[in-house]
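Thank you all for coming. Please take a moment to look at the sequence and the model, and then I will go through them with you step by step.

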Amino acid sequence: MCRFGRLVALERCTRAEETLAHASSARQQQPAIWAQDFELEVLSEDLALLIYRSAQITSSGELQRHTNRSSLWQWVEGSWKMRFHQGTATQPFERRAT
């Protein structure tokens, strides 16, 4: 069980220090992201599940690293907070207008 850190694609739990180092370096080099096919399911008055597809946009405008994503959002003290997020690699998909 990951108490602090993040669960990575290889299904291992990283240490807090590794997670913080990754976050710091990731902030400096954010790729452009394409997202589409948003679906929102309201689970209760204060809980919602968002699912969508995303991919990175290369410098030539092509999509790469296609991912199915889901996040669980909870209404807490007047604002929505993300409680869980998962990205799962998937086969390439066609870019659609959103």
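Let me begin with a definition: a residue is called buried if its relative accessible area is under 20%, exposed if it is over 50%, and partly exposed in between, with a 1.4 Å probe and protein chains only. By that rule serine 59, at 87% relative accessibility, counts as exposed. Serine 59 has its place in the loop between β2 and β3, and its C-alpha atom is separated by 8.9 Å from that of alanine 32, although the two are 27 residues apart along the chain.

Before going further, I should say that this is a predicted model, in which local features need pLDDT of at least 70 and side-chain atom pairs count only at pLDDT 80 or more, while totals for chains, interfaces and linings use all residues. Residues are numbered from 1 along each chain as its sequence is written, and side-chain values use heavy atoms, with hydrogens and water left out.

Now to the sheet. Strands here are DSSP runs (E, at least two residues; for helices it would be H or I, at least four), numbered from the N terminus, and two strands pair if DSSP finds at least two bridges between them. What is the order of the strands in the open sheet? The 4 strands run in the order β1-β2-β3-β4, with antiparallel pairing. The edge strands, each of which pairs on one side only, are β1 (32–44) and β4 (79–89). From one strand to the next the twist averages 20°, where axes are lines fitted to C-alpha atoms (for helices, over the stretch in contact) and angles run from 0 to 180 degrees between N-to-C directions.

Look next at the middle of the sheet, where β2 (residues 47–57) and β3 (residues 63–76) pair in the antiparallel sense over 10 bridges. You can follow this pairing by eye, since isoleucine 51 has serine 70 in β3 as its bridge partner, and alanine 48 stands opposite tryptophan 73 in β3. The hairpin of β2 and β3 has 5 residues between the strands, and in it glycine 61 takes a positive phi near 90°. On the other side, β3 and β4 also pair in the antiparallel sense over 10 bridges, with asparagine 68 standing opposite threonine 88 in β4. The hairpin of β3 and β4 has 2 residues between the strands, and glutamate 77 in the turn has a positive phi of about 50°.

Staying with β3, where histidine 66 has its place, is this residue buried or exposed? Histidine 66 is buried, because its relative accessible area is 9%. Leaving aside residues up to four places away in sequence, histidine 66 touches Ser54, Ala55, Thr88, Ala89, Thr90, Gln91, Pro92 and Phe93, where contact means heavy atoms within 4.5 Å.

Let us turn to charged side chains. A salt bridge is a side-chain nitrogen of Lys or Arg within 4 Å of a carboxyl oxygen of Asp or Glu, and by this rule the count comes to 2. In one of them, arginine 53 and aspartate 37 meet at 3.8 Å, N to O. Arginine 53 lies in β2 and aspartate 37 in β1, so this pair ties together parts that are 16 residues apart in sequence. Aspartate 37 also meets arginine 96, at 2.8 Å, N to O. Because arginine 96 lies in the segment after β4, the pair with aspartate 37 in β1 ties together parts that are 59 residues apart in sequence. Through shared partners, Asp37, Arg53 and Arg96 are joined into one network.

Last come the rings. Rings of Phe, Tyr and Trp (its six-membered ring) pair if their centres lie within 6.5 Å, and planes under 30 degrees apart count as stacked, over 60 as edge-to-face and the rest as tilted. The whole structure holds 2 aromatic pairs. Phenylalanine 38 and tyrosine 52 have ring centres 5.0 Å apart and planes at 20°, so this pair is stacked. The pair links distant parts of the chain, with phenylalanine 38 in β1 and tyrosine 52 in β2, 14 residues apart. Tryptophan 75 and tryptophan 80, by contrast, form an edge-to-face pair, 5.3 Å centre to centre with 65° between the planes.
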